[in-house]
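Got a model on the bench and wondering where the labels come from? Let's take them one at a time.

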Amino acid sequence: MTVRWGILSTARINDQIIGAAAESDRVEILAVASRDAGRADAYAREKGIERSYGTYDELLEDPDVQAVYISVPNGMHIPWTMRSLEAGKHVLCEKPLSRHADDVVQAFDLADSAGLVLSEGFMWRHHPQTKRLGELLQEGTIGRLRVVRASFSFELASRHGPNDTRFDPELDGGALMDVGCYCIGAIRFAGGEPERVRAEQVVGESGVDIVFAATLRLPGDTLAHFDCGFVLPSRDELEIVGEQASLFLDDPWHARSPVIELRRDGEVERIEAEQANSYRLELENVSDAIRGEGQLLLGREDAVAQALTIEALYEAAA
């Protein structure tokens, strides 16, 4: 059975979801909503989507829509996740779900009580590259884990303009929320939940963090550090260092060329992973869970832990 999806907003990221759905026979994008009916209609015609709505609530009232993908700005994630769940829709919400762990717990409580699926949209976790990385760590390939290093940055203003919503503090903008959350997720994936964090941030003119850096203490005497930013060159790296070797990923989040470098004794072994559309795998994983035919990869436990870490980092940097 194909799961029929609606999309809340006409954000740029939707192109990834729409393209991914077109590759799958388990997912159908049935409807899209905007806060402007004309915009929604034009968008639907351009993208080949059957139905359009001029308000988000109208889409949520469509009985044929089983699940919604929420791509509104960060500060609207929880309100529209709650509204969607109350309307009886399953939800895939674009990352990050929230910077407040209590909000995430409340959302999952509602989803659980209604028997609905809720997942946070970290597409990279679904990619074969990430799966292979986890296998290498489980196999003890690098020996005892000691250090995890991550970075993710780009120049936001030059790419998308100074009025991008990610510069807006009222919408929970900021580098940590937009790209740093990937680094946090990778650190947690590799080394477990942080026991202690230290952080510093540089706040820009609009009031959001434009550079953020942190050190985290993980279980087993493992240390991690990351930096992210909106005013830095494009960078996206992940390095996981053990006592015997290290694993390096030059493109951990988008996996355009999925290769893991195993570095040992001055030599590099390239471990190639399968090429795949991580957004398609994400949609299919959530859709399978909705049908009761598979296990949800990213559910309550991961989303709450992610929000707890974001919360702790902002408190540490205050």
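What follows is a short run of questions and answers about the sheet, the rings and the charges in this model.

This is a predicted model, where local features need pLDDT of at least 70, side-chain atom pairs count only at pLDDT 80 or more, and totals for chains, interfaces and linings use all residues. Residues are numbered from 1 along each chain as its sequence is written, and side-chain values use heavy atoms, with hydrogens and water left out.

Q: What makes E13 and E14 a strand pair?
A: Two strands pair if DSSP finds at least two bridges between them. Here 6 bridges join E13 (residues 259-264) to E14, and the two run antiparallel. Isoleucine 260 stands opposite isoleucine 271 in E14.

Q: Why are E8 and E14 called edge strands?
A: The open sheet has 8 strands in the order E8-E9-E10-E7-E11-E12-E13-E14, with mixed pairing. Strand E8 (196-203) and strand E14 (267-272) each pair on one side only.

Q: Which strands does helix H8 touch as it packs on the sheet?
A: Contact means heavy atoms within 4.5 Å. Helix H8 (residues 175-191) touches E7 (145-155), E9 (209-218), E10 (222-229) and E11 (231-242).

Q: Why is the pair of phenylalanine 154 and phenylalanine 230 called edge-to-face?
A: Rings of Phe, Tyr and Trp (its six-membered ring) pair if their centres lie within 6.5 Å; planes under 30 degrees apart count as stacked, over 60 as edge-to-face and the rest as tilted. These two are 5.8 Å centre to centre with 70 degrees between the planes, so edge-to-face it is. Phenylalanine 154 lies in strand E7 and phenylalanine 230 in the loop between E10 and E11, so the pair ties together parts 76 residues apart in sequence.

Q: What makes the pair of tyrosine 182 and tryptophan 253 tilted?
A: Their centres are 5.8 Å apart and their planes at 45 degrees, so neither of the other two labels fits. Both rings belong to a cluster that ring pairs link, together with Phe122, Trp124, Phe152 and Phe189.

Q: How do you know whether tyrosine 182 and tryptophan 253 are buried or exposed?
A: Buried means under 20% relative accessible area, exposed over 50%, partly exposed in between (1.4 Å probe, protein chains only). Tyrosine 182 comes in at 6%, so it counts as buried, and tryptophan 253, at 1%, does too.

Q: Why is arginine 263 said to sit over the ring of phenylalanine 248?
A: The rule wants NZ of Lys or CZ of Arg within 6 Å of the ring centre and within 35 degrees of the ring normal. The charged end of arginine 263 is 4.2 Å from the centre, so the distance cut-off is met.

Note on methods:
Helix = DSSP H or I, 4+ residues; strand = E, 2+ residues; numbered from the N terminus. Axes fitted to C-alpha atoms, helices over the stretch in contact; angles between N-to-C directions.
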